[in-house]
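Q: I am new to this structure and would like to learn how to read it. Could you take me through some features step by step?

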Amino acid sequence: MDLFDASSPGGQSGRQGHNQPLATRMRPVSITEFAGQKHLTGEGKLLRRMIESGRIGSMIFYGPPSCGKTTLAHVISREVDADFVTLNAVLDGVKEFRNVVAKADEQRKLYHRKTVLFVDEIHRWNKAQQDALLPHIESGLITLIGATTLNPFYSLVGPLLSRCQLFELFPFQAEDIKQLIHRALADEERGMRSWNVYVTPDAVDYFTEYSGGDIRHALNALEMAILTSRENNEGKKVVDESVAKESIQKRYIRYDRTGDEHYHFASAMIKSLRGSDPDASLYWLTAMIEGGEDPHFVFRRLLIFASEDVGLADPHALSVVNSAHEAFQKCGMPEGFYFLSQACLHLALAPKSNSTGAIFGVVREHKEKGTKPVPDHLRDKTANAKKARYLDAENASDNYKYPHSYPDHWVDQQYLPDSLTDARWFQPGNQGLEARRWERLMEIKKTAASGKNRSSG
């Protein structure tokens with residue numbers, strides 16, 4: 001279970017360690033070697049002080065893949081005076097955890113030693129498994145270090161979060177990746193220096209740019225380029241930009257369609273559309289598709305946007321998106337990019353209105369105050385006729401004014417319940433077709449009112 005054999009860097013000694021990928025061999029063995037995450041590991045920062053002091057509490061590392069979560073755990077395993085045990089939540093369950101607890105109890109009783117448990121991908125454990133950690137963290141028997149790629153506020157139980165310090169990690173910056181590439185090229189024992197290789201600056205830039213902030217992706221591509229290159233007449237391997245391009249043939253896009261990035265990218269696309277920025281809208285849409293997102297999910301978001309944020313300002317937008325979706329289903333990819341693009345650009349350039357959201361105000365009215373009776377003159381005429389005959393009274397429906405019998409097909413008449421005659425939920429936008437239609441209605445009302453005043457005078 002202990003993946004961090006402290007006998008040597010990378011967990012193995014000598015040339016046998018070179019059977020491991022370069023990214024694994026170059027994993028830092030001390031906090032001073034760690035690159036990136038300066039907000040956590042910089043001088044004077046809390047996490048660095050904890051590691052250097054060798055006194056740590058339970059903590060959760062969360063962030064995207066290859067941002068250093070496991071590496072920090074590896075560093076801590078070498079710095080703390082404790083038994084360091086690892087479990088992988090994908091492979092290990094309750095049985096393995098019980099073995100850890102039993103051993104930890106033995107270490108504390110016999111040797112007064114603490115146990116630090118690193119659980120990789122801790123979000124894979126269900127609620128019951130996470131709850132099983134709580135009493136042992138509470139008693140101090142185990143100090144937990146959990147690593148997750150998902151937002152812990154959604155993927156971990158509240159009691160566990162309340163007992164842990166949360167540390168968020170971010171993708172590596174370009175300068176961090178370049179630093180680690182150069183370190184790998186210069187390292188004789190763990191790196192690639194013994195291969196007598198020269199990597200051109202352009203190739204380093206290419207590895208850096210196309211890795212998408214993933215150091216594992218960059219280092220493993222670098223190693224592949226070196227191992228597959230032939231020596232020149234001088235016995236040196238030269239990795240230039242063309243070799244680098246063969247090693248990373250497609251730019252790595254950091255996107256997880258089941259994690260936080262799924263929501264972040266979709267949010268960025270919607271907000272770009274709402275801000276009428278066609279280029280940014282296309283950028284985030286394409287990032288999702290290239291990252292493996294289901295195009296139908298994107299179309300669903302565009303359909304919602306067409307009503308929620310464009311709405312009456314351009315009622316045709318909903319038909320455009322719907323037609324583009326139907327065309328996509330018939331043609332598929334890569335031609336489907338045209339339909340995605342057309343729908344996206346139409347929405348970005350369309351006039352905006354969120355007035356359709358008025359319905360939610362009406363929903364709240366019904367839920368909070370109940371539904372009021374229908375005014376008599378709006379009730380069904382046939383039903384009212386039967387009631388009138390039975391009671392020998394006037395048919396209330398006779399008081400209904402038929403709008404088509406009046407100029408401009410409009411007449412001043414009460415349509416809301418008696419107690420809500422002054423209620424207003426709909427707030428018209430001032431863009432596009434909605435503004436013109438609202439102006440037309442206001443003009444009709446004004447004309448009707450002026451005619452009524454003349455006749456009453």
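Q: Glutamate 138 forms a salt bridge with which residue?

A: Let me first say what we are looking at. This is a predicted model, in which local features need pLDDT of at least 70, side-chain atom pairs count only at pLDDT 80 or more, and totals for chains, interfaces and linings use all residues. Residues are numbered from 1 along each chain as its sequence is written, and side-chain values use heavy atoms, with hydrogens and water left out. Now the general idea: a salt bridge is a side-chain nitrogen of Lys or Arg within 4 Å of a carboxyl oxygen of Asp or Glu. For glutamate 138 the partner is arginine 163, with the closest N and O atoms 2.7 Å apart. This pair links distant parts of the chain, 25 residues apart: glutamate 138 is in helix H7 (residues 134-139), and arginine 163 is in the loop between helix H9 (158-162) and strand S5 (165-168).

Q: What do the labels H and S stand on?

A: They are DSSP runs, numbered from the N terminus: helices (H or I) have at least four residues and strands (E) at least two.

Q: Is glutamate 138 buried or exposed?

A: The general idea is relative accessible area: buried means under 20%, exposed over 50%, and partly exposed in between, with a 1.4 Å probe and protein chains only. Glutamate 138 has 55% relative accessibility, so it counts as exposed. Its partner arginine 163, at 33%, counts as partly exposed.

Q: How many salt bridges does a search of the whole structure find?

A: The search finds 15. One of them joins aspartate 83 and arginine 113, whose closest N and O atoms are 3.3 Å apart. Aspartate 83 lies in strand S2 (residues 82-88) and arginine 113 in the loop between helix H5 (94-111) and strand S3 (114-120), so the pair ties together parts that are 30 residues apart in sequence. Aspartate 83 counts as buried at 17% relative accessibility, whereas arginine 113 counts as partly exposed at 27%.

Q: Which residues are linked in a network of salt bridges?

A: Glu33, Asp187 and Arg190 are linked in this way. Within that network, the side chains of aspartate 187 and arginine 190 meet at 3.7 Å, N to O, and both residues are buried.

Q: How do I read a pair of aromatic rings?

A: A pair of this kind is described by the distance of the centres and the angle of the planes. Rings of Phe, Tyr and Trp (its six-membered ring) pair if their centres lie within 6.5 Å; planes under 30 degrees apart count as stacked, over 60 as edge-to-face and the rest as tilted. The structure holds seven aromatic pairs. In one of them, tyrosine 206 and tyrosine 210 have ring centres 4.1 Å apart and planes at 15°, so the pair is stacked. Both tyrosines, 206 and 210, lie in helix H11 (residues 201-210), four residues apart, about one turn of the helix. Tyrosine 206 is buried, with a relative accessible area of 8%.

Q: How are the rings of phenylalanine 265 and tryptophan 284 arranged?

A: Their centres are 5.4 Å apart and their planes stand at 85°, so this pair is edge-to-face. The pair links distant parts of the chain, 19 residues apart, with phenylalanine 265 in helix H14 (residues 260-274) and tryptophan 284 in helix H15 (residues 278-290). Phenylalanine 265 counts as buried at 11% relative accessibility, while tryptophan 284 counts as partly exposed at 27%. Together with Tyr283, Phe265 and Trp284 form one aromatic cluster.

Q: Which residues of H18 are buried?

A: They are Gly336, Phe339, Leu340, Ala343, Cys344, Leu347 and Ala348. These residues cover an arc of only 160° around the axis, which puts them on the same side of H18; the arc is that of the directions from the helix axis to the C-beta atoms. On the other side of H18, Tyr338 and Leu349 are exposed.

Q: Where is there a cis peptide bond?

A: It joins methionine 333 and proline 334, with omega about 5°. Proline 334 is found in the loop between helix H17 (316-331) and H18.

Q: What is the phi of serine 276?

A: It is near 55°, a positive value in a residue other than glycine. Serine 276 lies in the loop between H14 and H15.
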